[in-house]
Amino acid sequence: MIGVLATLFGIFSQLSVLAFGGGNTILPEMQRQVVSVHHWMTAADFNALFALSQAAPGPNLMIVTLLGWHIAGLPGLLASALGMFLPSYLITIVVMGLWERFKDRPGRAQVQAALVPVTAGLVVASAWLITKVAASGFVLGCIVVAAAALSLFARKVHPLWILFGGAALGVLTGLF
């Protein structure tokens, strides 16, 4: 059990320092680690936990604690949460002091501008990873496309209504 907890802490410590632009940017690597490398769950299980973490109120990275809980119970939850949040917290404290000190330097704006496309690419990779597993058939693919279109073009529709609508369509078509 100690080995699993140390591995969880190590995985999430590494992911912590890579999470530029938010937690969803590291979903592909998170999924690869828990599904393909360590075989702690299936891709479908990962998607189910991700969906639950996004539907529940709270922070975006609730997936981290759910994965830890699923893998090793309460100790796993604590190891994954500490691994995810402690390193980035410590780095943020140091970097924010430097960031503020060099706020008028031109290099800072260039670094900030360079991180925007990197973050966008990581978010798109995360969306693709989740979609590959979720859209396993034609009807599910249509539901994914419809949900994405609603999210993009019907900006006044709350995301929870889109989630409920997708779930209702899945139930009505007998997919769940």
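Colleague: Let's start with the pocket. Which helix gives the most to the lining of the largest pocket?

Modeller: H7 does, with eight residues. Keep in mind that we are reading a predicted model.

Colleague: Which other helices should I look at around that pocket, counting those that supply at least two residues of the lining?

Modeller: Go along the chain and you will meet helix H3 (43-55), helix H5 (106-134) and helix H6 (138-153), each with at least two lining residues, as is also true of helix H7 (159-172).

Colleague: And which residues lie nearest the centre of the largest pocket?

Modeller: Put Phe50, Ile130, Val144, Ala147 and Leu163 on display; they lie nearest the centre, out of 36 residues that line the pocket. Its volume comes to about 1,600 Å³.

Colleague: Stepping back, how many helices and strands does the protein chain have?

Modeller: Seven helices and zero strands, so read from the N terminus the order is simply α-α-α-α-α-α-α. The C-alpha atoms fill a box of roughly 55 × 45 × 25 Å along the principal axes.

Colleague: How should I read burial here, and what share of the residues count as buried?

Modeller: A residue is called buried when its relative accessible area is under 20%. Of the 176 residues in this chain, 28% qualify. As for the surface, about 10,900 Å² is exposed, with carbon and sulfur atoms supplying 74% of that.

Colleague: What about contacts between residues 24 or more positions apart?

Modeller: Among contacts with a separation of 6 or more, such pairs account for 58%.

Colleague: Last one: how many positive and negative side chains are there?

Modeller: There are 8 positive and 4 negative, and the centres of the two sets lie 7 Å apart.

Definitions and conventions: Residues numbered from 1 in each chain as written. Predicted model: local features only at pLDDT ≥ 70, side-chain atom pairs only at ≥ 80, totals over all residues. Heavy atoms only, no water. Helix = DSSP H or I, 4+ residues; strand = E, 2+ residues; numbered from the N terminus. Buried < 20%, exposed > 50% of the residue type's maximum accessible area, 1.4 Å probe, protein only. Contact = heavy atoms within 4.5 Å. Areas by Shrake-Rupley, 256 points an atom, 1.4 Å probe, with all protein chains shown as cover. Lys, Arg positive; Asp, Glu negative; His and termini not counted. Charge placed at Lys NZ, Arg CZ, Asp CG, Glu CD. 1 Å grid on protein atoms, 1.4 Å probe; cavity = no way out; pocket = protein on both sides within 12 Å on 5 of 7 lines; lining within 4 Å. Points joined across faces, edges and corners; volume = space filled by probe spheres on them.
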